[in-house]
Each structure stands twice: as structure tokens, then as C-alpha cells.
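Me: I'd like a close look at one part of this structure, namely the helix packing. Please take me through it step by step, and then on to its surroundings.

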Amino acid sequence: MPGDEARSPLLDPEFVRELDALRRRLAVLARSGGAGEHTARRRGGAAEFQEHRGYAPGDDLRRVDWLAFARTGEPVVKLFRAEEDVVVRLLLDASASLGFGDPVKLDVARRLAAAIGYVALAGSQRTALVVARTTGSSALARLGRPHRGRAGVPALLRELTEAAATGATDLGRAITELVQRSHRPGMLVVLSDFLDPGPVTTGLNLARSAGHDVLLVQIVDRTELEPAFEGDYTLVDAESGATVEVTMDPTAIEAYTLRFAGLVEELRAWARRHGAAYVRVTTDEPLEGAVRRVVARGVD
């Protein structure tokens, strides 16, 4: 389709057409994903009609525009300017560990964030980019303002393009800080490899208790799932610069594989327990399927 998004390396025209078919399904999740009612009246002021959006199960039938339904056959509800709808917050891990992979994990994470953001914006959701990376006393390098509608897509793509994989992050603290700085709950999409030294679930628990609808998207390189190294290596931590001497023999590979599997199972179990989504994406897989799994609220 025409527009800046069609010329962005993050969203090609074929990908955009696929995403347009998914936009209503994400709108349903944002309002009925278990995080409570995400449309609330602002204090004071008259309710001025703003726009329509697609009907979602659980919507008040009194808000359905029956005349529009009679004309189009598509059920829609009325949104008013005196109402405040959900914010989709894209929390992007931009630490140095995301600079690994072929293709680079951050590039895949940015494309996924662009896709999810496009689906949300095309469905008239407000969408904001938040970048997780430790800067001074904060765990957040960027707390972007929300954009709305298709007109907000170019700005979101520019913000994503500016994100670089560098430095360290404390993902759990970043989530906690974001929740504390959010005026009201919404949809929280965390895009990370989750290779974090801290207890990420502490921040996730806070997000759920605050009413956020949480989607976890783990981006990993194929070699992180199936290490094929053998011999003696000096490993360098991409974020801290610390080094460690290791011998990659069958015992070491098995220990690594079990530890990685434990991380994955921890994320899966948390998602199932809290009604969240968990999608694991390898850098070499087509992204269309990954986006469909995110929108379908899958637990991989």
C-alpha cells in the first residue's frame, strides 16, 4: 500500500498487506485479553463522537452503530473523544546481546515491533515505543509518546530505526519502571532475548497486578538453540565485557542446553499462569507466522 511504511526496510508492501488482515484481531485482544476494561471515561467533558472501531466480544451492545451495520454488514462501535482507550506499549530490549545473530536479533526485534505496532495503529490503537537499556539511574533509554492511527506509523518506524544494540539492561527493572510510569494499564509487548541476569518475572508480576495485558516475544538465533561449538573458547559477555574460559565438550553443551530450556519453560509457565502470550522467534524464520502467533495469543 502507498505511504512511508511501504518504503521502510522494516515493513515491505507484502508484509503490510498481511498485517492489514490481522489488525482487527489485535484490537480484540487489547480489549478482552484479561487485563480488565481498557476503555475509560476521562473526568468531565461531553462525549463527542470521534470514530468507529470493529466490534469486539464483550463490548456494550448499546454502543453498536446499528445504522452503519445495516449499510456495511460489519458490526462497529462508536468511540468518543471523552473516552480514553488502550495504549499498546512496545518494550524493546536494545542491549548489546541483541546485536548477535544472523540476521542480527535486534533487526528481527525491530521488524516484529514494527509489525505489531502497525497492526495496533491500523486498528486505531494508541501505540508507544519504549527502549530498555540502562542509562544512568534509569533502566529505560527511551519512553516514547503514544502515536495514533496510520498517521503515526512513520514516526514509530523512525523511532525503531534509531534503536541500536549497545550497553547493558536490567529487563525486570525496565518493566517495573515502565509500569510505575504508566498512568493506566494497557497492552505490554516485551521483545527481548530474555538473556538477562536479573529476575524478569518480578517485573512481569507487577505488570499483571497493575492490570497490563502482557505479550512476551523472545528472539533467539538458531545457534543459541543448537550450539555447534567444540573445543576451547574465551567467551566475552556482550554487555559487561567480562570474559570466561570454557571447554565446549558434550557435557558443557548439555548443561547449556538444559539451562536455556529452563529459561524458556519459565517464560512459558509464567505466560500460562497469567493468561499472557509467549512466542519464541528464531532469527531465520519468516516473520509473518510469528506475528500471527502473537496476535493469536499463542504459547509456543
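Reply: Happy to. An axis here is a line fitted to the C-alpha atoms of a helix over the stretch in contact, and angles between N-to-C directions run from 0 to 180 degrees. Please keep in mind that this is a predicted model.

Let's begin with helix H8, residues 200-209, and helix H10, residues 250-274. Their axes come within 12 Å and cross at roughly 15 degrees. Angles under 35 degrees count as roughly parallel, and H8 and H10 are therefore roughly parallel to each other. The crossing in which H8 passes H10 is right-handed. On the H8 side, the contact is made by Thr201, Leu204, Asn205 and Arg208, and H10 contributes Glu266, Trp270 and His274.

H8 has another partner, helix H7, which spans residues 171-181. Here the axes are 7 Å apart, and the packing angle is about 20 degrees. H7 and H8 are therefore roughly parallel to each other as well, but their crossing is left-handed. From H7, the residues in this contact are Leu171, Gly172, Ile175, Thr176 and Val179. They meet Val200, Gly203, Leu204, Leu206 and Ala207 of H8. Leu204 is worth selecting in your viewer: it takes part in the contact with H7 and in the one with H10.

How covered is H7? Eight of its 11 residues are buried. These are Leu171, Gly172, Ala174, Ile175, Thr176, Glu177, Leu178 and Val179. H8 is one of the elements they pack against. The others are strands: S5, S6 (126-135), S7 (138-143) and S9.

S9 leads us back to H8. The strand covers residues 187-192, and Phe194 lies in the loop between S9 and H8. At 2% relative accessibility, Phe194 counts as buried. Its backbone deserves a look too, with phi near 60 degrees, a positive value in a residue other than glycine. Most residues other than glycine have a negative phi, and most peptide bonds are trans. The second half of that remark has its own exception in this chain: the peptide bond from Asp102 to Pro103 is cis, with omega near 0 degrees. Pro103 sits in the loop between S5 (87-93) and H5.

H5, residues 105-122, brings us to the nonpolar interior, where this helix gives 13 residues to the largest core, the most of any contributor. That core holds 46 residues, and the members touching the most others are Leu11, Leu112, Val189 and Leu191. Apart from it lies another core, of 28 residues, including Ala132, Ala139, Leu267 and Ala271. In soluble globular proteins, nonpolar side chains tend to be buried together.

Back on H10, we can follow the chain to its end. Glu265 is found in this helix, and at 38% relative accessibility it counts as partly exposed. C-alpha to C-alpha, Glu265 is 10.0 Å from Asp300, although 35 residues separate the two in sequence. Val264 and Asp300 are 9.5 Å apart by the C-alpha atoms, with their positions 36 residues apart in sequence. Asp300 is found in the segment after helix H11 and counts as partly exposed at 26% relative accessibility. Leaving aside neighbours within four places in sequence, Asp300 is in contact with Arg268, Tyr278, Val279, Arg280 and Arg293. The segment after H11 (287-295) also holds Arg297, whose phi is positive, near 60 degrees. H11 itself has Leu287, Gly289, Ala290, Val291, Val294 and Val295 as its buried residues.

Finally, the wider setting. The protein chain has 11 helices and 13 strands, and buried residues make up 50% of its 300 residues. Among contacts with a separation of 6 or more, 73% join residues 24 or more positions apart.

As for confidence, the chain averages a pLDDT of 83, and 81% of the residues score at least 70. One stretch calls for caution: over residues 30-46, pLDDT stays under 50. The model has 45 contacts for that stretch beyond four places in sequence. Where pLDDT is low, the predicted coordinates should not be read in detail.

Note on methods: Residues are numbered from 1 along each chain as its sequence is written. This is a predicted model: local features need pLDDT of at least 70, side-chain atom pairs count only at pLDDT 80 or more; totals for chains, interfaces and linings use all residues. Side-chain values use heavy atoms; hydrogens and water are left out. A nonpolar core is a set of buried Ala, Val, Leu, Ile, Met, Phe, Trp, Tyr and Cys residues joined through side-chain atoms within 4.5 Å. Buried means under 20% relative accessible area, exposed over 50%, partly exposed in between (1.4 Å probe, protein chains only). Helices (H or I, at least four residues) and strands (E, at least two) are DSSP runs, numbered from the N terminus. pLDDT is the predictor's confidence in each residue, from 0 to 100. Contact means heavy atoms within 4.5 Å. Angles under 35 degrees count as roughly parallel, over 145 as roughly antiparallel, 65 to 115 as roughly perpendicular and the rest as oblique. A crossing is left-handed if the near helix is turned anticlockwise from the far one by less than a right angle, and right-handed if clockwise.
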